[in-house]
Amino acid sequence: MKRLITRAGAVLLTVLVLLVGYGVLIEPRFLLNEERFTVTLPQLPADAPERTVAVFSDLQIGMWFSNDDMAEDIVEKVVEERPAAVLIGGDFVYSRSPEPAEQVDEVVELLTPLTEADIPTFAVLGNHDYRVDASEEVVSGLEGIGIRVLRNEAAPIPGTGAGDTALHVVGLGPARPGRTDVDAALAELPDGAPRVVLMHNPTSFPRLPAGSAPLASAGHTHCGQITIPFFPLWSYAELTSKERTVTDGWAPSGYGADENRLHVNCGIGFSLVPMRIAAFPQVVFFDLRGAA
């Protein structure tokens with residue numbers, strides 16, 4: 001019996017070591033989840049040309065053993081795709097050490113190929129960007145390379161039309177006290193303009209009025225980061241009860257107001273430990289078409 005227990009322990013230890021190795025070295029570094037969805041925007045005319053918007057989130061630069069190579073691969077893939085716009089869902093930096101300025105420099109280096117390719121790129125800030133007091137440095141760095149940071153405001157995507165016919169991005173601040181202002185963001189949107197809403201936290205989504213967000217995208221959850229396959233609620237991430245209902249993918253029916261739809265992006269980086277299991281890094285392409 002003692003020998004059997006010893007062997008079982010050795011097997012379990014081996015499995016654990018292999019699982020940790022996979023979660024640290026394989027899944028987050030080499031296994032990208034690239035998804036594509038066709039979404040109808042009711043504000044777009046039926047004869048409007050189909051336009052593609054790419055979305056990724058949560059670089060978390062500054063986390064130890066951060067996932068820089070995957071971020072670089074995603075940027076390269078997006079540049080090859082040449083979408084109408086790129087939307088980045090916040091949490092660019094992670095920690096106070098190294099200095100946030102160093103982290104921002106690395107973020108800028110990773111994302112510069114997007115604007116060098118003349119792809120309109122928009123971003124919102126995440127909770128970590130504020131938590132480490134780096135929000136202004138992040139904004140300065142991103143806007144210095146031509147990435148528009150939306151803080152409770154809306155902006156048209158160049159090349160998609162003029163005035164209220166242009167496709168707009170509505171960007172919300174993160175779910176921190178005094179940082180999310182839905183009314184201010186929507187006030188800058190022309191009446192009836194087609195739009196995509198970008199936010200960091202999925203919990204901001206229910207604040208949007210009915211019909212104001214036919215397509216919204218959030219990040220923040222890392223899709224659980226370490227999960228048991230097919231059991232997304234059994235995850236490592238410390239999420240609020242509301243976030244557990246929208247950890248990844250399309251939010252369930254009834255979450256948010258009528259005629260609004262939310263997709264939660266798995267992001268790229270990490271929180272607390274540099275590991276992902278059953279929560280692949282992700283880039284999503286939304287092919288937007290007009291309503292018949």
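Against which elements do the buried residues of helix 5 pack? In this predicted model, the buried residues of helix 5 (residues 135–144) are S135, V138, V139, G141 and L142. Their packing partners are helix 3, strand 4 (121–123), helix 4 (127–131) and strand 5 (148–149). Just after helix 5, G146 adopts a positive phi of about 95°.

The contact between helix 3 and helix 5 can be described further. Two packed helices are described by the angle between their axes and the distance between the axes. For helix 3 and helix 5 the angle is about 30°, and the axes lie 9 Å apart. Because angles under 35 degrees count as roughly parallel, helix 3 is roughly parallel to helix 5. The crossing of helix 3 with helix 5 is right-handed. On the side of helix 3, the contact involves P100, A101, V104, V107, V108 and L111, which meet E137, V138, G141 and L142 in helix 5. V138, G141 and L142 are also listed among the buried residues of helix 5.

Helix 3 (residues 100–116) also packs with helix 2 (residues 68–81), at an angle of about 20° and with the axes 8 Å apart. Helix 2 is therefore roughly parallel to helix 3. This crossing, of helix 2 and helix 3, is right-handed. From helix 2, the residues D68, A71, E72, V75, V78 and V79 take part, and they meet E106, L110, L111, P113 and L114 in helix 3. L111 of helix 3 thus appears in the contact with helix 2 and in the contact with helix 5. An α-helix has 3.6 residues a turn, so residues three or four places apart point the same way.

Aromatic residues were examined next. The structure holds four aromatic pairs. In one of them, F205 and Y255, the ring centres are 6.0 Å apart and the planes stand at 15°, so the pair is stacked. This pair links distant parts of the chain: F205 belongs to the loop between strand 8 (195–198) and strand 9 (216–218), while Y255 belongs to the loop between strand 12 (249–250) and strand 13 (262–264), 50 residues apart. Both F205 and Y255 are buried. Elsewhere, F37, W250 and F286 form one aromatic cluster.

W250 of this cluster also has a charged neighbour: R261 lies over the face of W250, at 3.9 Å from the ring centre. A second arrangement of this kind involves R29, whose charged end sits over the ring of F65, 3.9 Å from the centre of that ring.

Two loop positions were also considered. T247 is placed in the loop between helix 7 (241–244) and strand 12. The relative accessible area of T247 is 4%, so T247 is buried. T247 and I61 are separated by 186 residues in sequence, and their C-alpha atoms are 21 Å apart in space. G161 occupies the loop between strand 6 (153–156) and strand 7 (168–171). With a relative accessible area of 47%, G161 is partly exposed. G161 and A48 are 113 residues apart along the chain, and 9.8 Å separates their C-alpha atoms.

Key:
Residues numbered from 1 in each chain as written. Predicted model: local features only at pLDDT ≥ 70, side-chain atom pairs only at ≥ 80, totals over all residues. Heavy atoms only, no water. Phe/Tyr/Trp six-rings, centres within 6.5 Å; stacked < 30°, edge-to-face > 60°. Helix = DSSP H or I, 4+ residues; strand = E, 2+ residues; numbered from the N terminus. Buried < 20%, exposed > 50% of the residue type's maximum accessible area, 1.4 Å probe, protein only. Lys NZ or Arg CZ within 6 Å of the ring centre and 35° of its normal. Axes fitted to C-alpha atoms, helices over the stretch in contact; angles between N-to-C directions. Parallel < 35°, antiparallel > 145°, perpendicular 65-115°, else oblique. Left-handed = near helix turned anticlockwise from the far one by under 90°. Contact = heavy atoms within 4.5 Å.
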